[in-house]
Amino acid sequence: MNIKGLSLNTIPPISIPLRFFLTAPLFGLLAALMIIYYGSDIWASRWNSINLALTHLLTLGFMLMVMIGALYQFIPVMIGQFIPWSKKSAAIIHPLLVTGTLSLTIAFTGAFTGAASDFALFFYSLAFISLLFALSLFAMSLTPLLISKLNDHLIVFLLRILFIVLLLTIGPGLYMLLAYSYPGLGINFRAYTDVHALWGLIGWTVLLIMAVSSQVIPMFYVTAEFSRRYLKLLSMLILMTLLIVSTLKTPYFSSIFSSFRDSSLNNIVYIILSLELIFFSWYTLRLIGQRKRKLADATINFFRLALISLVTSVILWWFFAAGFNNQYGPSAIQFEFTLSLLLIYGLAISAIIGLLQKIVPFLIYLHLQNLSFAHPGSITLVPNMKMVISTKKSNMQFILHLSSLVLLIISVYFPSIVSIAGLAMLVNFGWLWSSLLKGVLIYKSNKVKILAYPEIKLNF
Ligand code: HEM
């Protein structure tokens with residue numbers, strides 16, 4: 001492992017990231033249960049509100065939950081400064097994010113089952129208020145660091161872009177939720193759905209994976225560092241290309257550019273975007289392939305799968321755009337679901353599961369090691385990372401994850417197997433949760449044992 005450049009004096013308390021990491025798989029489990037319960041209704045239409053519930057269980061409940069936990073952990077260690085009030089803000093943001101995501105799920109599901117409209121309206125409003133507060137507080141706690149003059153660190157640059165992209169995703173999301181909560185306002189929110197989905201699925205998801213990969217891959221797999229120049233340029237280019245795409249999609253501009261809309265300008269922009277995404281995947285896969293110590297490590301397969309899913313979704317998108325789907329059968333709905341599955345479950349969730357299996361054992365090791373320095377003689381109680389989540393467990397996790405991804409995609413075309421796909425997803429998230437939980441239990445019991453050793457005062 002390569003921990004060069006990390007500031008080990010500014011490690012936040014382990015309870016801050018762990019609460020987010022342990023909660024996230026529970027939302028994955030809930031999503032799987034929904035798939036099993038609703039069966040083939042899940043893939044009936046993009047506009048089904050259970051589908052929207054499923055999307056946000058995974059994007060807010062799993063992806064955003066892990067991202068917030070990881071940022072609380074990563075930022076201080078990467079840039080050598082604590083996030084101000086992090087203990088207090090994490091303690092408020094976490095329950096608000098849980099409440100917001102659950103309320104949104106209840107409201108969307110209630111709307112689908114035809115529950116009384118007051119019931120759905122109450123939960124839409126609760127979701128709106130909880131998510132608005134949670135995300136504003138999170139933004140406020142990071143803003144001072146992100147706008148301050150920090151070292152020219154790649155992660156700081158990527159985080160600034162990620163932050164802008166997250167605002168551009170969540171802003172329209174909250175605006176649409178406002179429309180759901182207060183139908184009397186007469187907001188024409190459907191005009192923003194595609195832009196919101198585009199920023200969420202391509203912008204936020206891809207840049208999140210870029211930021212995570214740039215730190216995690218060189219650190220845990222001892223590859224060469226990512227080129228700062230490439231990643232800075234690429235993230236700026238993706239941001240700019242998405243700005244152009246969304247400008248072309250907004251009602252006002254789309255009428256101005258209507259003569260180009262379905263032709264040249266659109267195609268040029270989509271070709272540029274595709275090249276950017278393919279370049280990032282190719283570059284990262286190449287770095288992984290060239291790593292110095294080629295020890296078998298199951299978790300690296302999660303990053304490979306993530307990048308392969310991204311390339312596949314780009315290819316599939318062109319297949320769809322070229323109209324081959326009409327010629328060969330599947331409908332637009334099936335293509336859209338396949339794309340969403342590849343981007344959410346294949347790209348983002350694969351990389352995040354890979355990340356969690358590395359970062360949680362690393363944090364447990366680091367915190368117990370620091371504790372044992374102050375309690376001489378207890379070093380044998382510090383487990384190495386493989387003792388927290390074994391290679392065998394990670395291998396199994398990969399098999400479960402890959403098979404659930406494949407089954408979910410097949411189930412879009414053969415809805416009779418939706419429940420089997422949901423079951424595979426349930427086992428996947430269940431396995432993840434139990435591995436993480438077991439790691440935390442090891443931490444707790446070893447911490448008690450280490451504290452039983454006499455303490456010496458460390459004076460650095
Ligand atoms: C505060 C956070 C968010 C809120 C309040 C929110 C809200 C919404 C709402 C109300 C819709 C339904 C739009 C409609 O009925 O036309 C929607 C759709 C969607 N959202 Fe979000 N969203 C949030 C975050 C995200 C994030 C982070 C992603 C990341 C990928 C995301 C991905 C999507 C997608 C893909 C759709 C379209 C689903 C479809 O068309 O099938 N959302 N969102």
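Student: Let's start in the loop between helix 2 and helix 3 (86-113), where tryptophan 85 lies. Why is tryptophan 85 called partly exposed?

Tutor: This is a predicted model, so we're counting atoms in a prediction. Tryptophan 85 has 13 C-beta neighbours inside 10 Å. Buried needs 20 or more and exposed needs 12 or fewer, so a value in between is called partly exposed. Tryptophan 85 therefore counts as partly exposed.

Student: And what makes the backbone of tryptophan 85 worth a look?

Tutor: Its phi is positive, about 55°, although tryptophan 85 is not a glycine. Most residues other than glycine have a negative phi.

Student: Now lysine 292, in the loop between helix 10 (264-289) and helix 11 (298-321). How do you know whether lysine 292 is buried or exposed?

Tutor: Count again: lysine 292 has 9 other C-beta atoms within 10 Å. The cut-off for exposed is 12 or fewer, so lysine 292 is exposed. By the way, its C-alpha atom is 8.4 Å from that of tyrosine 221, and the two residues are 71 apart along the chain.

Student: On to helix packing. How do you know how helix 5 runs relative to helix 6?

Tutor: Helix 5 (154-181) and helix 6 (190-221) pack at an angle of about 155°, with their axes 9 Å apart. Angles over 145 degrees count as roughly antiparallel, so helix 5 is roughly antiparallel to helix 6. The crossing of helix 5 past helix 6 is left-handed. Their contact has 20 nonpolar and eight polar residues, and no charged ones.

Student: What makes helix 6 and helix 7 roughly antiparallel?

Tutor: Their axes cross at roughly 175° and come within 10 Å. Set that angle against the cut-off of over 145 degrees, and helix 6 and helix 7 therefore come out roughly antiparallel to each other. The residues in contact include Asp194, Trp199 and Met210 of helix 6, and Leu231, Ile238 and Lys249 of helix 7. By class, that contact has eleven nonpolar, four polar and two charged residues.

Student: Which residues come nearest to the ligand?

Tutor: Thr59, Gly173, Thr193, Ala197 and Gly200, out of 26 residues around the ligand. Helix 2 (49-79), helix 4 (117-147), helix 5 and helix 6 each give two or more residues to that shell.

Student: Which helix gives the largest share of the shell?

Tutor: Helix 6 does, with eight residues. By class, the shell around the ligand has 14 nonpolar, ten polar and two charged residues.

How values were computed
Residues are numbered from 1 along each chain as its sequence is written. This is a predicted model: local features need pLDDT of at least 70, side-chain atom pairs count only at pLDDT 80 or more; totals for chains, interfaces and linings use all residues. A residue is near a molecule or strand if its C-beta atom, placed from the backbone, lies within 6 Å of it. Helices (H or I, at least four residues) and strands (E, at least two) are DSSP runs, numbered from the N terminus. Ala, Val, Leu, Ile, Met, Phe, Trp, Tyr, Cys and Pro count as nonpolar, Asp, Glu, Lys and Arg as charged, and the others, Gly among them, as polar. Axes are lines fitted to C-alpha atoms, for helices over the stretch in contact, and angles run from 0 to 180 degrees between N-to-C directions. Angles under 35 degrees count as roughly parallel, over 145 as roughly antiparallel, 65 to 115 as roughly perpendicular and the rest as oblique. A crossing is left-handed if the near helix is turned anticlockwise from the far one by less than a right angle, and right-handed if clockwise. Two residues are in contact if their C-beta atoms, placed from the backbone, lie within 7 Å.
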